[in-house]
Amino acid sequence: MKIIRVFQIIAVGVALVCVPGALTVIVLFKADPVISSNIASIILIISLVTLLLSPCFYSNEGNRTIKEKLITICSIWLLVSGIAHVTWELSWCFVHPYLHNVTAEDTWAWIWWAYGVADRRYLVSEPSTVILEWVTATVGGPLTLYAAYLQRKSTMQKASIFILIASLMDLYGAFLYFGTEILDGFYYIDTEQFVNFWIKFLGLNSLWVFFSILCIYIAINTLLQRPAIESEKNWGRWGR
């Protein structure tokens, strides 16, 4: 268990520093912005997946069930999703009007440009994307973080209600995000460059489909089993 906790801490640290670290390397050492964004994106998705799936490797000591492991994954995901909503997405909502002509040389905008080269909607202020991100960042983000808070501090029953609402919002947003581009023939998406399409566009955003569905399943399952678990508290710990 201690080894898994170390891996979790390392994964969190890597996920937090890979993007600002890449930007630092670009500014100080004049590294290629495109290569740096590709490397940072690959490291980010690997560290996130490692963190999210780490509970699967918990031992069964203490009668830790599969459901408990899934609940722990859900608790980690709520934090990851909520932080992403209120940091990168919310900041983009304020700066997007100034990103229309940015290039790889505009280091102040690199954090948003690095993703915008994969999905140009973020560099041209595509209207539906702007609306989707404002709602997600200002409503979905705080709601997701509140659900994460309740999951650790309140009863499963109360937390599940907010987890269900937040996860349904995320899943709906993900379907809109992917669906509009699929129907539009991937007009704004770079389908030629492997990292831009498979890692930045498809890989990172697919997390909001897969793990939102998992959280919805956990929340509904909990609500349907109310009599058996009403008294349980502090569910979804990262380890025991």
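I began with the contact between helix H1 and helix H2 in this predicted model. On the H1 side I listed Gln8, Ala11, Val12, Val14, Ala15, Cys18, Ala22 and Ile26. Their partners in H2 are Pro33, Ser36, Ala40, Ile43, Leu44, Ser47, Leu48 and Leu51. I then sorted this contact by class and got 13 nonpolar residues, three polar ones and no charged ones.

Next I looked up how the two helices lie. H1 covers residues 2-29 and H2 covers residues 33-53. Their axes come within 8 Å and cross at roughly 170°. Angles over 145 degrees count as roughly antiparallel, so I entered H1 and H2 as roughly antiparallel to each other.

I also checked one residue of H1, Ile10. Is Ile10 buried, exposed or partly exposed? I noted a relative accessible area of 47% for Ile10, which makes this residue partly exposed, as the range runs from 20% to 50%. From Ile10 to Thr50 I counted 40 residues in sequence, and their C-alpha atoms are 9.7 Å apart in space.

Then I turned to helix H3, residues 66-95. H3 has 30 residues and spans 43 Å from first C-alpha to last, close to the expected 44 Å. Where does H3 bend? I found a bend of about 30° at His85.

My last entry is helix H7, residues 156-183, with 28 residues. Its first and last C-alpha are 39 Å apart, close to the 40 Å expected. Just after H7, I noted Gly185 with a positive phi of about 70°.

Technical notes: Residues are numbered from 1 along each chain as its sequence is written. This is a predicted model: local features need pLDDT of at least 70, side-chain atom pairs count only at pLDDT 80 or more; totals for chains, interfaces and linings use all residues. Side-chain values use heavy atoms; hydrogens and water are left out. Helices (H or I, at least four residues) and strands (E, at least two) are DSSP runs, numbered from the N terminus. The expected span of a helix is 1.5 Å times one less than its number of residues. The bend at a residue is the angle between axes fitted to the seven residues ending there and the seven starting there. Axes are lines fitted to C-alpha atoms, for helices over the stretch in contact, and angles run from 0 to 180 degrees between N-to-C directions. Angles under 35 degrees count as roughly parallel, over 145 as roughly antiparallel, 65 to 115 as roughly perpendicular and the rest as oblique. Contact means heavy atoms within 4.5 Å. Ala, Val, Leu, Ile, Met, Phe, Trp, Tyr, Cys and Pro count as nonpolar, Asp, Glu, Lys and Arg as charged, and the others, Gly among them, as polar. Buried means under 20% relative accessible area, exposed over 50%, partly exposed in between (1.4 Å probe, protein chains only).
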